[in-house]
Amino acid sequence: MEPVIAISLPWQEIDTILLDMDGTLLDLAFDRHFWLTLVPETLSRTRGISLPQARALIDLEYQAVQHTLNWYCLDYWSERLSLDIRGMTSEMGPNAALREDTVPFLNWLQRQGKRRILLTNAHPHNLAVKLQHTGLGQHLDLLLSTHTFGYPKEDRRLWQAVVEHTGLDIQKTLFIDDGEPILDAAARFGIRFCLGVGNPDSGMAEKRYARHPALNDYRHLIPQLSESS
């Protein structure tokens, strides 16, 4: 596949790569199925309501906390929906899958001496389950869940906390994420390079970004990495 937008990055000016997890390093199809199919079906069954009623109820709940830390919190959803969301996550864990371009890209970054930091809004239990079943952790230098800091990536305070925790230089940092509001937040804070993912979900059509460059295969960046070394 060709890139959604041709990307040219000055790799000699980048020493840290911040990477989202779901939809960026892992296929978002897992989460789409979990939250839009499995959770409504389970709620419908446990409450004895129709599937459309369950979906409508959950949609309202989702909208109420979108772009807050609760949106990503398994404990919050367990309480709100009276479901064992942690247990369901563990049970579904074997279905989590890496994007096929993730490992080649991360390995190239390592060879180039770039610092690879995972920065995810995923709940720590969700993160642990996905790491267990994908082996993603072995390809990264540092793993950070925003729950540790108390703010999601949409919040400026998170970015300040991450800078203080990691010592990264925002002028030498590339951030990759599949959510444009999150990319916007990073850019507003001052992260110099922000890149979107055009195909976060293998089961959905490609997405477009209004304010950020995006690509659909990290391997298109590897020749640039080689040339800049």
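Helices and strands are taken here as DSSP runs, numbered from the N terminus. The model is predicted.

The largest pocket holds about 960 Å³ of space. Its lining comprises 32 residues. Leu28, Asp31, Trp71, Tyr72 and Asp178 lie nearest the centre of this pocket. Two or more lining residues come from each of helix H1 (29–47), helix H3 (74–81) and helix H8 (180–189). H1 gives the most, with four residues. By character, the lining of the largest pocket divides into 14 nonpolar, seven polar and 11 charged residues.

Asp31, one of the residues nearest the pocket centre, is also a partner of Lys130. The two side chains make a polar contact at 3.0 Å. Lys130 belongs to helix H6 (residues 124–134). Its relative accessibility is 1%, so Lys130 counts as buried, the cut-off being under 20%. Beyond its neighbours within four places in sequence, Lys130 is in contact with Met21, Asp22, Leu26, Phe30, Asp31, Ala96 and Gly135.

The largest nonpolar core has 47 residues. Trp11, Trp159, Leu174 and Ile176 have the most contacts inside this core. Both strands and helices contribute two or more residues to it. The strands are S1 (16–19), S2 (115–120), S4 (173–177), S5 (193–197) and S6 (214–215). The helices are H5 (102–111), H7 (156–166) and H8. H8 thus appears in two settings, as it also gives two or more residues to the lining of the largest pocket. Trp159 has contacts with Leu18, Leu119, Lys153, Phe175, Ile182, Ala185, Ala186, Phe189 and Ile191, leaving aside its neighbours within four places in sequence. A second core is separate and has 20 residues, among them Leu43, Ile58, Tyr62 and Met88.

Backbone geometry was examined next. Most residues other than glycine have a negative phi. His67 has a positive value, near 70°. His67 sits in the loop between helix H2 (51–65) and H3. With a relative accessible area of 37%, His67 is partly exposed. Ser82 also has a positive phi, near 55°. Ser82 is placed in the loop between H3 and helix H4 (85–92). Its relative accessible area is 60%, so Ser82 is exposed, the cut-off being over 50%.

Notes. Residues numbered from 1 in each chain as written. Predicted model: local features only at pLDDT ≥ 70, side-chain atom pairs only at ≥ 80, totals over all residues. Heavy atoms only, no water. 1 Å grid on protein atoms, 1.4 Å probe; cavity = no way out; pocket = protein on both sides within 12 Å on 5 of 7 lines; lining within 4 Å. Points joined across faces, edges and corners; volume = space filled by probe spheres on them. Nonpolar A, V, L, I, M, F, W, Y, C, P; charged D, E, K, R; others polar. Buried < 20%, exposed > 50% of the residue type's maximum accessible area, 1.4 Å probe, protein only. Polar contact = N/O pair within 3.5 Å; in protein donor to acceptor, adjacent residues only side chain to side chain. Contact = heavy atoms within 4.5 Å. Core = buried A, V, L, I, M, F, W, Y, C linked by side-chain atoms within 4.5 Å.
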